[in-house]
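Q: I'm new to this one, so could you walk me through it piece by piece?
A: Gladly; here it is, and you can ask as you go.

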Amino acid sequence: MSPPLPLPIQLVWLIPLYGFGGMVVALPWASGSLKRNGQRPAAYLNLLLTLVAVLHGSWVSLEVWRRGAQHLSFDWFSAADLHLQIGFDLSLTNLAALELVTLMSLFAQFFALGYLDKEWSLARFYALVGFFEGALSGLVLSSNLLMSYFLLEMLTLSTYLLVGFWYAQPLVVTAARDAFLTKRVGDILLLMGVVALSAWAGSMEFTDLYRWSADAEASGLLSPLAGTLLGLGLIAGPMGKCAQFPMHLWLDEAMEGPNPASILRNSVVVTAGALVLFKVMPLLRLAPLAITVLLVVGTISAIAGALVALAQVDLKRAFSYSTTSYLGLVFIALALGQPGIALLLLLSHGFAKALLFMSVGSVIATTNCQDLTELGGLGTRMPATTVAYLVAAAGLVGLLPLGCYWCFGLGVQALWAQSPFFAGVILLTNLLTAINLTRVYRAVFLGSAKPKTKRAPEVNWLMALPMVSLTVLVLLTPLLMAKIDPVPGIGAFPLPVAIAVALSGLTGVVIGSQVGFDQFWSRSIQQPLRGLQDLLAFDFYTERIYKATIVAFVAGLARFTNGLDRQGVNGLVNGIGRLSLQSSENLKLNVSGQLQSYLLTVVISLVLLLTSLNWLLGAGAQG
Amino acid sequence: MTIPGLMTIPWLSLLLLIPFLGTLALLLWPGEPSPGRLRTITIALLSAQLAASLALLLVFDPAIPGLQLQEVHPWLPGLGLNYQLGVDGLSLPLVLINAGLTLVSAVCSRDFSKRPRIYFSMLLLISGAVNGAFLADNLLLFFLFYELELIPLWLLISIWGGSERAYAATKFLIFTAVSGMLILGAFLGLALFTGSVDFSPTAVTSERLAMGSQVVLLVVLLVGFGIKLPLVPFHTWLPDAHTQASTPVSVLLAGVLLKLGTYGILRFGMGLFPEAWALLSPGLAIWAAISVVYASLAAIAQTDMKRMVAYSSVGHMGYVLLAGAAGTPVALLGAEFQMVSHGLISALLFLLVGTVYRKTGTRDLDVLRGLLNPERGLPFTGTLMILGVMASAGLPGMAGFISEFLVFRGSIQAYPLATLLCMVGSGLTAVYFLLLVNRTFFGRLAVTPATAEPVQDSRLDVQLAPVAPRETVPALALALGVVVLGLFPAVLGHLSEATTTAMAPLANLLAMAPTGGIG
Amino acid sequence: MPVISAALTRQGGMPPAEELQRRLLAGETLLADTADHLLEVVGVLESYGEVLDAYSINLIYQAEQQFLNPLPIFKYLDGDLSPAKIWRHLLHDRINFEYAEYCMKAMLWHGTGGMDAYLDSAPFMERCEAIIQRKRRADPLLALLHPLFPAFLPELIRTAATTHALGQFWRVMSDLFIDLAAAWRDGRVASISAVVEFVKQGLVAAAAAPITYAVVIGADTFWVLPPEAGLTFLVDVAVPYVEAVFLRGMPFLGTVSFNAQAQQISPDQGQFAYGALYADPLPSMGAGIPPSLLMQDMYRHLPDGLHQWYQQRTRGEGDVRVKICASFQKAMFCVTNGAINGTMPHPLGTEDPAAQAANQAYAASWATRLAAARTDCLTAESAALA
């Protein structure tokens, strides 16, 4: 038996509880039971708990760095052949993800103090963020599929509640609903996979599942159809969480929610979803079709997401589609067996996208506006916001040697030999993203001031401080990446690849800086171009397609069933019932009349029943 | 753990005596006691019943799979009717739910305008009868209690119900009377065919019968309990009964009385006719799936909140049939979980819908808007409602999830298609309940038809009576139960596992055996 | 469709613009003159006056003492760093100064009136440059940022100037409202029309008061809003304030979508109607409704009489802050009423047809804007339910 683990590792189960605890401590304020005082203490307590989570997580990372990966599990529920456990897999990958989650949560919560300074219902917001953080940090540490599913669903719930935070706003009502239902579709498909796997493989631990899938593949235990269905079920959950086509619509709508939540949603939530995919990838050996689906979905998401982003006039949506696009690249990398690159991309995208959304939040807070056509000229007046935007953009585009540049270099290098098409997808996505970031930069920060940007002081310190800190972090991302991935090193790609990546980024920047704004947002008169613009601006009409297909189908079926129930089944029953209508009328009279006589009737009928029984049985015995 | 003296108390009879004597006491109470007084007495009696039910936990040995704490007294031996009681892991949680929910329904009974004496005595009578049905270890005794619960419930609907109460109550009466007749028919048929006059389920075995007779009897029994459950297409009485019943009665109906159907199917359908059960179970799984999907789809189209929750009940009880059809230990434990969690969740939802109705005068989804409004709306009710619907939709961390997971996990190998269909039903639950929450609680506070012009809408001033903190206590307690059971399912698993596991092989082994029977 | 009992809902009558214009020209008050209204308006203005006192002190403190401070962690403490005060601050047992800043931002952002014009003038830019040059000597961060982002510091100085000006404006209003309550207790004010007249007199008396602002850096004093700019109370601060806060306002995140594609927000700020006179009191204290902060502050300073009056109505203490908001809206109609009367081009009793026409045009322009506001609160019946 190995020596006992150090206390921080033994107590690792506390880390998700800090987040959930944050929700609990916010309750007195959120429920309005402290009426005379404001709700800020709930925010401070949540920040404190998140800080504790960050420190605890760092300590565990340090210990794991020293001792190697650890695994902890606790029994949760057993019955018959079913053993469900709470398991924590303390690998460096998971802990890096945990750091990302807790740190981003800390930054976002601090940022929210400033962004939501005029908000009264702060306690509810912080309670929800605490819940969110708890589910996320449990999810990234989870060592078994059931716990991952459990927390993914909690994440779905907290997304619903966070998007629905401003519940009185009409578009929020539909946005929250759609976010929940879209994710729920993915979750139910995932649940089908989880339940099937639990029945087939017994254990839910990922390591056991990997072993089982290897056996199943070797022995042909599972029919190809079952394997394929299983694989499709398993990828459906991450697809929904990562907002991949065709389940991407919710992320657009979720932008109705508060910006600090958008920061988390576009950076860590999608990352957590991709981590689940990362963990189930080895199981997909049973389902070659699922791999193909991942590649197709990833490619469509990467390129179509980037294209749709180009046509958005809304500041937040221009970047939420870019999230779909980057996660598409992650899907491709995972599907092609490059998990290392996928993880690095998640990390650098997570930091940079969070920073980008902070910058966006600053712009919205200052100008009360997220319409690109009404913004402009902020660059000289808002230093922290402008620098944050530029650094985040540099971190996302493969041009300057920040995070994503190295990821794209590694990706192109790895895929060039394997399947050059996907290397091309990476370069194209890079180019399109560069166009998008450049045109938004021009629209928001350059040019002359518009009426809504005429008076634009820099944001208050509560927003500026986390933004500047994160700016520094994004600048340091390459060092962090080099630390995580020492072999073969983040620069392990030849010069031609480096040039190709930089060139695609540069081309994007040049195009983005040259194209007239009219071509982005005024509708062209020429028909094919106009059609294309509208197609992209309205996200390939996905919402309308959904309405016309799935929603209409379910609604129609529901109406049909209801009609059948009222007219058919119930009508039949009533027809029969009408025969006894007369007697029921009598009963009714009696009810309003003498109740006591009624009880008497009951007693008498019981006696009669017993007597008849006696007779019946007696007759039976004699006969 | 044994405490001397505890074992000598006839606990099970006590669970019948408290409510039955309470009924008598209320009916015979001298003078004209005030309604508040009657309510207090009822709550005291039901609290005593809950305490006695909880005390069972001290003397109950979860390791024993079969019936325990049995009490046998001959009554009409010629008829085979004996006063025979026993409790096991299947019935104990249901007895607890019965005690808890009847107490909840008495606590939330506030409208005393009509015949309070009858009202509260009927509540007690129902609770006693349900206890009797769950504890009876004799088919005829079960039947008597099963019928005994019918009359008071019918009275509760027809006297204290809504405007269409006569129609709904009559419908309820006819359906359940038919249900009772079919059940009695099946029991008597079993006795006649086997020539036994012993109605103790342990003594009755159907295996001597020809398979044809077994199947006929089982089908009769299934239809009988299927009406109570209820299963599509025998469900139409339930939405009507719920919409007309008052809130406390709906709580009882959904939380407790439907469980008589599932309990009966598992205890008697599966228990008495293992061979026929094995033969019919593929059909039962399909029936369950159809019932789940049909009810979920019908629920989506409802605009009355109560009807929606009622259809949701139909759907959720279908899972129990699926689990029974699969008959694996995990599935049967899941069935037990599902019965308990549905009891808690549906009671919670009916309580909350009742609160909304009491404050706004409507349950129409096209009329209510924005009830989350913190000052003028019903924010606490809304919060609990979100919790309740999420639990019902099977969100993890709450009782619904572990129940559904166990049912699905236990059934998927036996009946993959039916299980997947039921999961789709679970997904549809999220659809209709999300519509309910989004429509009624989100948006600007308004009590106005959706067709009203938006300008008028924004100028509408809504005056709703506030929800007093004490009004929320029952719902809060149920919500707490839902979360505790969801996070610590071992609490219930510990009580029931031995029994459900022992019930399982019966069906399973026989499923393997060649069909055809002996007779 | 179930029928909703009439007692549950109420639809306010909306007087048309012609009626509002008639009332203004006839010297009638916009708000119906009833005893309940008087209690509501005077009571809520008294608590508003106390809150404005705190707001005003803090805004002036911020503008003078926290000028260009990059990390103004203690900006709401008015310089009192005692542990007790910090503890109360942490417990959020305090005035929500965030709302004062919110109003300041609304004024700055909408940018109307004389002060805004001055903030864009060459003399102002010269003063900014002088201040920045002095400040750079001591502050390396600013020394670095200013050449890179030349418009950054002037924008912050404009913010500070607006902050100070709003502080001065609220100083006057706070005193006026507290005096009003005293006058009501003395019996000098006994009707809504007397309230409107009191406010009008107060505004007229302060109309020409100069608005100035200077900062001290090291030992040097710099004028930001110098006396020679000639900024005055009524036209340069009060009128822009009414425009920015009473009328235009800013869209609430809790009720309006900022989604550019949904186009719920007008591109022209002049078309905005999110101000106090247009606001819907019902969602008060909900999420994304900034005036909730003010309602909370007034709730903590509610005079006893009004508090009891609220407790006897609707949900009593349960929805008191919605009722405060409704009363506050009525009070703001009275203040607007006083401001309109005070700025009427000619006396109402004038016989000169040209003067009458000018008055009519002026009243008509106001009536048109107010007709779309929440004028349903003006009727006598509205007091019974609100």
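Q: What follows H7(A), and what is the sign of its phi?
A: H7(A) is followed by Gly202(A), with a positive phi near 80°. Before going on, please note that this is a predicted model, in which local features need pLDDT of at least 70 and side-chain atom pairs count only at pLDDT 80 or more, while totals for chains, interfaces and linings use all residues. Residues are numbered from 1 along each chain as its sequence is written, and chains are lettered from A and ligands numbered from 1 in the order in which they are written.

Q: And how many residues does helix H7 of chain A have?
A: Helix H7 of chain A, residues 170–201, has 32 residues (helices are DSSP runs of H or I with at least four residues, strands are runs of E with at least two, and both are numbered from the N terminus). From first C-alpha to last, H7(A) reaches 46 Å, close to the 46 Å expected at 1.5 Å a residue, where the expected span is 1.5 Å times one less than the number of residues.

Q: Is H7(A) mostly covered or mostly open?
A: Mostly covered, as 27 of the 32 residues of H7(A) are buried (buried means 20 or more other C-beta atoms within 10 Å of the residue's own, exposed means 12 or fewer, partly exposed is in between, and C-beta atoms are placed from the backbone).

Q: Changing topic, how many residues of chain A touch chain C?
A: In chain A, 39 residues are in contact with 49 residues of chain C, contact meaning that C-beta atoms, placed from the backbone, lie within 7 Å. Helix H3 of chain A, residues 40–67, gives the largest share of chain A's side, 3 residues.

Q: What classes are on that side of chain A?
A: It divides into 16 nonpolar, 8 polar and 15 charged residues (Ala, Val, Leu, Ile, Met, Phe, Trp, Tyr, Cys and Pro count as nonpolar, Asp, Glu, Lys and Arg as charged, and the others, Gly among them, as polar).

Q: How about chain B against chain A, how many residues does each give?
A: That contact takes 50 residues from chain B and 49 from chain A. H16(B) gives the most to chain B's side, with 8 residues, and by class that side has 33 nonpolar, 13 polar and 4 charged residues.

Q: Last one, how many helices and strands does chain C have?
A: Chain C has 15 helices and 3 strands, and its C-alpha trace spans about 70 × 55 × 55 Å along its principal axes. Of its 386 residues, 49% count as buried.

Key: Two residues are in contact if their C-beta atoms, placed from the backbone, lie within 7 Å.
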